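These are my notes from a session spent looking up the ligand site, the sheet and a few loop residues. I kept the entries in the order in which I went through them.

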Amino acid sequence: MPFEIIRGDITKIEADAVVNAANTALAQGGGVCGAIFAAACAEKLTRACAKIGGCATGQAVITKGYALPAKYIIHTAGPVWQGGGQNEAALLYDCYKNALELAKQNGCKSVAFPLISSGIYGYPKDQALRIAVTAIGDFLLGQDMAVTLVVFDRAAFALSEKLYHAIKAYIDDHYAGTHYLPRLAKEQTLRLDATVALMREEQETFSDTMTVAADFEACEQESPLIKASMPAPQAVMAQKRSLDDVVARLDETFSQQLLRLIDESGHGDSAIYKRANIDRRVFSKIRSNKDYRPSKNTALAFAVALELSADGTRDLLMKAGFALSRSSKLDVIVEYFINKGNYNIFEINEALFAFDQSLLGA
Ligand code: AR6
């Protein structure tokens with residue numbers, strides 16, 4: 001996965017480079033900096049840093065990783081939080097950008113970051129996180145690299161209150177709960193199959209939209225569970241084209257549908273797999289194997305990258321054998337972003353991480 005957020009201790013991460021939340025003097029400090037110096041060999045690292053001499057706020061320098069599992073340590077000095085009026089946001093963005101550029105210049109394929117400035121330097125954690133995700137996301141849209149944001153403790157990770165509460169409210173309104181998940185999921189899958197079969201039959205017999213709508217209505221009355229995953233009857237007419245598409249393309253595999261949608265989007269392959277947080281090699285496999293079976297998170301990631309509607313997302317998921325379900329918290333959160341028209345996969349992953357869900361991409 002090109003961009004991942006994980007919990008852990010950065011000194012234990014095996015990456016080509018780990019990033020140190022340094023000070024401008026490059027002296028051993030507390031927090032993650034103290035831990036990195038101690039684990040790498042404080043004496044050798046202090047000598048290497050003294051040789052470099054210092055690092056301006058927002059800039060980055062590189063040393064060996066010494067005893068760390070990482071080959072290199074990239075030191076970047078974050079801004080001290082002073083209320084937000086001292087150019088802190090731009091400087092913090094520069095920390096990530098310059099550290100990533102330096103990693104690239106040194107041939108690094110994988111880099112791990114702590115949440116810079118969010119400890120001793122006092123940057124509000126939600127804002128520090130937003131900047132980290134934006135800066136890393138911006139960089140990855142133009143580069144192939146595996147970047148990990150390593151969050152040390154639970155408290156160190158916070159969505160903005162407003163976003164957290166908006167998503168929480170959406171989950172409360174739409175989430176069907178987990179206590180009957182297995183039964184519901186199974187029934188939904190069976191009913192989805194039945195519904196698709198019904199749609200196919202309808203398509204063969206009638207081209208009249210009203211007939212399709214009427215049958216959906218009948219089908220829903222008979223089986224209210226379908227409501228959770230299929231459009232309401234009054235919405236059927238408006239979605240006629242989408243239903244036609246589903247039926248007309250029943251024989252398309254996931255891979256074929258994906259490649260067609262990418263062509264139709266007018267964006268190149270690489271723009272789409274990068275926006276989907278999908279590794280280039282995984283995409284190559286999907287491209288070369290028409291029967292590729294993606295995980296649900298991979299399929300959802302492509303739906304986001306292609307900016308599909310909720311219905312379009314359902315269609316693509318169905319090709320991979322999945323449904324967009326109200327009984328999955330992950331699905332409800334993704335649906336929240338789709339309904340908001342926010343297709344930034346990195347922001348979606350930030351929210352998924354905050355709600356303890358697995359991330360989109362591969
Ligand atoms: N792994 C990952 N993250 C960690 C670890 C760890 N082992 N330890 C702490 N964190 P801070 P700053 C998190 O204070 O705010 C030093 O003295 C921590 O929870 O390390 O940029 C330097 O020398 C927090 O979210 O860095 C500077 O003088 C994040 O890392 C100054 O502190 C950053 O916290 C830099 O302050």
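Before placing any loop I fixed the element names: helices (H or I, at least four residues) and strands (E, at least two) are DSSP runs, numbered from the N terminus. I also note at the outset that this is a predicted model.

Entry one, the loop residues. With those names in hand I looked up Asn 87, which I found in the loop between E4 and helix H3 (88–105). I then checked its backbone, and Asn 87 has a positive phi of about 65° although it is not a glycine. For comparison I wrote down that most residues other than glycine have a negative phi. I made a second entry of this kind for Asp 356, whose phi is positive at about 60° although Asp 356 is not a glycine; I located Asp 356 in the segment after H16.

Entry two, the ligand. I counted the shell and obtained 20 residues around the ligand, with Gly 30, Val 32, Ser 117, Ser 118 and Ile 120 as the closest. By character I sorted the shell into 11 nonpolar residues, eight polar ones and one charged. Which elements supply at least two residues of the shell each? I found strand E2 (17–22) and helix H1 (31–40), and H1 gives the most, with three residues.

I next looked at the polar atoms of the ligand. A ligand nitrogen lies 2.9 Å from an N or O atom in the side chain of Asp 9. On the backbone side, I noted an oxygen atom of the ligand 2.7 Å from a polar backbone atom of Val 32, and an oxygen atom of the ligand 2.7 Å from a polar backbone atom of Ile 120. I then computed the cover: the ligand taken alone exposes 710 Å², and the protein buries 92% of that.

Entry three, the sheet. I traced an open sheet of six strands in the order E1-E6-E5-E2-E4-E3, with mixed pairing. The edges are strand E1 (3–7) and strand E3 (60–64), each of which pairs on one side only. From one strand to the next I recorded an average twist of 25°. In which sense do E1 and strand E6 (residues 146–151) pair? I read the pairing as parallel, over five bridges, and within the two strands I found Glu 4 opposite Thr 148 in E6.

I then asked what packs on this sheet. H1 does, touching E2 and strand E4 (72–77), and its direction makes about 130° with that of E2. Helix H2 (residues 42–52) also packs on the sheet, touching E3 and E4, with its direction at about 140° to that of E3. I marked H1 for a second look, as this helix also contributes three residues to the shell around the ligand.

Entry four, Asn 342. I placed Asn 342 in the loop between helix H15 (329–340) and helix H16 (345–354). Leaving out residues up to four places away in sequence, I listed Phe 337, Glu 347 and Ile 348 as the residues that Asn 342 touches. With Glu 347 there is a polar contact of 3.0 Å between the two side chains. Finally, I wrote down that Asn 342 and Glu 307 are 35 residues apart in sequence, and that their C-alpha atoms are 8.5 Å apart in space.

Definitions and conventions
Residues numbered from 1 in each chain as written. Predicted model: local features only at pLDDT ≥ 70, side-chain atom pairs only at ≥ 80, totals over all residues. Heavy atoms only, no water. Near = heavy atom within 4 Å. Polar contact = N/O pair within 3.5 Å; in protein donor to acceptor, adjacent residues only side chain to side chain. Areas by Shrake-Rupley, 256 points an atom, 1.4 Å probe, with all protein chains shown as cover. Nonpolar A, V, L, I, M, F, W, Y, C, P; charged D, E, K, R; others polar. Pairing = 2+ DSSP bridges. Axes fitted to C-alpha atoms, helices over the stretch in contact; angles between N-to-C directions. Contact = heavy atoms within 4.5 Å.
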